[in-house]
Every structure is written in structure tokens, then in C-alpha cells.
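Here is a walk through the charged pairs, the enclosed spaces and the surface of one protein model. Have the structure open as you read.

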Amino acid sequence: LPPNNNNNNKNMSIQTSKPKPSLIQSIALGGASCVFTVNFTHPIETVKTRMQVSGDGLGRVFSTTLKGEGPAAFWKGIVWAWGREGSYASIKLGAYAPVRDALGASGKDAPFYLKFAAGAITGGVGSIIGNPFDVLKTLAQANKGKSVGLSTLVSDMYSQQGIGGFYRGLQANILRACVLNATKMGCYDISKGYVADATGWDRKDVRTSFCSATLAGFFMTCTVSPFDRIRTNLMNQPTDAKLYNGFMDCAVKTVKEGGVLSLWRGFIPIWARFAPTATIQLLVIEALYGVFGFASI
């Protein structure tokens with residue numbers, strides 16, 4: 001059956017009558033969504049990080065971690081993950097809609113490059129703020145021995161590399177965040193329009209959000225994997241040593257050591273993390289928008 005245009009017009013009228021959240025309100029709701037989501041997806045991120053660092057396959061990393069360290073090892077670094085989600089992720093997700101609207105790209109027919117630009121801006125800014133949490137989280141996840149205390153990890157990093165140590169891999173992290181968030185939010189925003197038109201569902205319908213977020217998760221994995229691999233290598237350098245001289249040096253050495261395809265090492269766990277992460281985050285923030293009476297993304 002063709003979509004019911006009368007219902008679509010009615011839904012659009014209701015949607016546009018709702019207020020839009022301010023930048024601060026949207027960032028707060030985005031942060032709540034991201035901190036909630038990471039509790040479920042952190043184990044996948046831990047497996048992905050160890051695959052990239054060790055070069056081992058998915059099954060081997062999972063089994064050795066479980067046998068050698070126990071189930072709790074999959075949540076190593078969760079405290080730093082909360083900090084990352086509450087800083088970087090809250091901005092990349094929560095600030096997207098206000099920044100998109102400021103660029104004049106709120107309409108469904110707005111140029112796609114403006115939606116991607118909004119995602120890149122919020123992702124890049126968020127990554128600068130959240131980089132220290134990212135570094136500490138990566139070190140904690142890659143550590144296969146006894147968990148290092150929070151204060152010990154911070155003090156060791158500061159005493160051996162100073163403040164700069166907390167911003168190792170910043171260039172790769174900014175590039176990764178720009179590509180990731182541009183793909184995630186841009187594809188999600190655009191997909192919602194196509195899904196709504198094809199099905200007759202409202203843009204705020206859970207089914208629309210779920211389908212759009214799933215599509216966004218797949219495209220994110222394709223575009224972000226190389227940046228993610230390089231970022232992991234840069235951030236996992238020992239606190240008392242420097243193995244790479246920046247983004248390009250790390251990229252060249254990574255390719256020389258493992259070949260071009262090694263940049264997509266960990267693709268399956270990255271996708272297994274991105275797909276549910278994007279879906280849960282976007283479903284939760286859309287629900288929070290609704291609870292507080294705001295128009296959807």
C-alpha cells in the first residue's frame with residue numbers, strides 16, 4: 001500500500017510544533033544516552049582493542065581473556081569509558097542537531113554535505129575534550145595483567161610524559177571522530193528521511209530510528225576502521241616510550257608490518273560494537289527528546 005500522505009502531513013505538523021532543545025540541553029541528553037549505552041558495548045570494544053594490539057583473531061582473544069583474566073576483564077577501563085562518553089560522546093551526539101540547525105541543514109531536503117559537516121564538527125570538538133579518557137581507556141583495555149589503579153595510571157603517565165601524554169594520538173583521534181560522526185549522524189539523518197518515505201512511518205517512530213541507526217552503524221565501520229586501528233596503535237604506546245612520530249608515521253609502519261588490509265583488522269568486532277552502539281544511543285536520545293517534549297533529530 002502507498003504511504004498515507006495525510007498521516008505523514010499530520011505527523012510533520014505535530015513534530016514541527018515541538019520545541020528544539022538548546023545546545024546545553026541536547027549535550028546533556030546525549031551524554032546520558034552515551035554513558036548508558038557504553039555499559040553494554042564496552043566488552044566488544046575491549047576485544048576489538050586487544051585484536052588490534054595483538055594481531056590475534058576474535059576467538060583467540062575472547063578465549064584467552066576469559067580463561068586468563070575472568071569475565072570482569074572485558075570491563076577493564078570502564079571508568080575511563082564513562083568519562084569518555086560523558087565528554088567526547090556527549091558532544092558528538094548531543095550537539096549534532098543544534099549545530100546542524102545552525103548550518104541550515106534541518107530540513108529533509110537539506111544538502112547531505114551540511115549534515116556530514118555538522119557531524120564532523122561535533123565529532124572533532126568532542127574528541128579534543130575526551131582524548132585523555134580515550135588514552136587511559138585504551139591502556140587499561142590492552143593491559144592483560146593485573147588491573148592498574150586509576151591514580152597509578154594517571155600519575156605514571158604524567159610523571160613519564162607530562163600533559164602531552166594524555167593527548168597522544170590526538171591527530172588520529174580527531175580525524176577518526178570527524179569521519180565517524182559525519183558518517184554516523186549524516187547517514188542516520190538522511191536514512192530517516194528515506195525510511196519514513198518508503199514505509200510511511202513517522203521520523204520519530206522507533207522502527208524508523210532502528211533501521212536508520214543500523215544502516216549508519218554499517219557505513220561507520222567501513223569508513224572508520226583504518227583510523228581506529230592507527231589511533232589504537234598510537235594510544236597503546238608504553239607510557240615510558242614513543243614508538244611513532246605522529247599519525248602518518250604510525251600509518252606507514254602499520255601498513256609495512258601487516259599490509260594495507262591490516263588497517264581493517266578487528267572489522268567484525270568494530271561493526272559488532274558500532275551497530276548496537278549507534279542503535280542504542282540514537283534510540284535512547286530520541287526517547288529522551290520525547291520525554292522532555294523536544295522535536296526528534
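Let's start inside. The residues lining the largest cavity are R84, E85, K92, R176, L180, K184, M220, R273, F274, T277 and Q281. Keep in mind that this is a predicted model. The volume of the largest cavity is about 60 Å³, and sorting its lining by class gives 6 charged, 3 nonpolar and 2 polar residues. Which helix gives the most to this lining? That's α11, with 4 residues. Helices α4, α8 and α11 (267-291) each put in at least two.

The search turns up 2 cavities of 30 Å³ or more. The second largest one holds about 50 Å³ of space, and around it sit V38, T41, H42, E45, A81, R84, E85, K137 and R273. Here α2 is the biggest contributor, with 4 residues, and both α2 and α4 supply at least two. The class split is 5 charged, 2 nonpolar and 2 polar.

R84, E85 and R273 turn up in the lining of the largest cavity, and R84, E85 and R273 also line the second largest cavity. R84 and E85 have another role too: they belong to a salt-bridge network that links E45, K48, R84, E85, D134, K137, R176, D228 and R231. From that network, R176 is on the wall of the largest cavity, while E45 and K137 are on the wall of the second largest cavity.

**Charged pairs**

Side chains of opposite charge can pair when their charged atoms come close. Across the whole structure, the count of salt bridges is 21. Here are three of them, with the closest N to O distance for each.

| Residue | Partner | N to O distance |
|---|---|---|
| E69 | R50 | 2.5 Å |
| R100 | D101 | 3.0 Å |
| K115 | D189 | 3.4 Å |

Take the E69 and R50 pair, where the closest N and O atoms are 2.5 Å apart. It links distant parts of the chain, with E69 in helix α3 (residues 58-69) and R50 in helix α2 (residues 23-54), 19 residues apart. Is each partner buried or exposed, or somewhere in between? E69 counts as partly exposed because its relative accessibility is 25%, whereas R50 is buried, since its relative accessible area is 2%.

R100 and D101 tell a similar kind of story. Their side chains meet in a salt bridge at 3.0 Å, N to O. R100 has a relative accessible area of 4%, so it is buried. D101, at 23%, is partly exposed.

K115 and D189 form a salt bridge as well, with their closest N and O atoms 3.4 Å apart. This pair also joins distant parts of the chain: K115 is in helix α6 and D189 in helix α8, with their positions 74 residues apart. Both K115 and D189 are buried.

**A pocket**

Now for an open space. The second largest pocket holds about 300 Å³. Its lining has 17 residues, and those nearest its centre are W80, A140, S147, V148 and L153. Two or more lining residues come from each of α4 (78-94), α6 and α7. By class, the pocket lining splits into 9 nonpolar, 6 polar and 2 charged residues. For the largest cavity, by contrast, the lining has 6 charged and 3 nonpolar residues.

**Out at the surface**

Where does the chain show a nonpolar face? L103, I121, V125, I128, I129, Y158, I163 and Y167 make a nonpolar surface patch of about 720 Å². Helix α6 (residues 112-142) provides the largest share of the patch, 4 residues. One patch member, I163, sits in the loop between α7 (150-161) and α8 (170-199). Why does I163 count as exposed? Its relative accessibility is 52%, and the cut-off for exposed is over 50%.

Another loop residue makes a handy contrast. A241 lies in the loop between α9 (206-235) and α10 (247-258). With a relative accessible area of 28%, A241 is partly exposed. Its C-alpha atom is separated from that of I78 by 25 Å, and the two residues are 163 residues apart along the chain.

Note on methods
Residues are numbered from 1 along each chain as its sequence is written. This is a predicted model: local features need pLDDT of at least 70, side-chain atom pairs count only at pLDDT 80 or more; totals for chains, interfaces and linings use all residues. Side-chain values use heavy atoms; hydrogens and water are left out. Patches are made of residues with over 30% relative accessible area and no salt bridge: like charges are joined within 9 Å, nonpolar side chains (Val, Leu, Ile, Met, Phe, Trp, Tyr) within 5 Å. Accessible areas come from the Shrake-Rupley method with a 1.4 Å probe; for residues, only the protein chains shown count as cover. A salt bridge is a side-chain nitrogen of Lys or Arg within 4 Å of a carboxyl oxygen of Asp or Glu. Buried means under 20% relative accessible area, exposed over 50%, partly exposed in between (1.4 Å probe, protein chains only). On a 1 Å grid over the protein atoms alone, a cavity is a set of points where a 1.4 Å probe fits but cannot get out, and a pocket is an open set with protein on both sides within 12 Å along at least five of seven lines; lining residues have an atom within 4 Å of a point. Grid points are joined across faces, edges and corners, and a volume is the space filled by probe spheres set on the points. Ala, Val, Leu, Ile, Met, Phe, Trp, Tyr, Cys and Pro count as nonpolar, Asp, Glu, Lys and Arg as charged, and the others, Gly among them, as polar.
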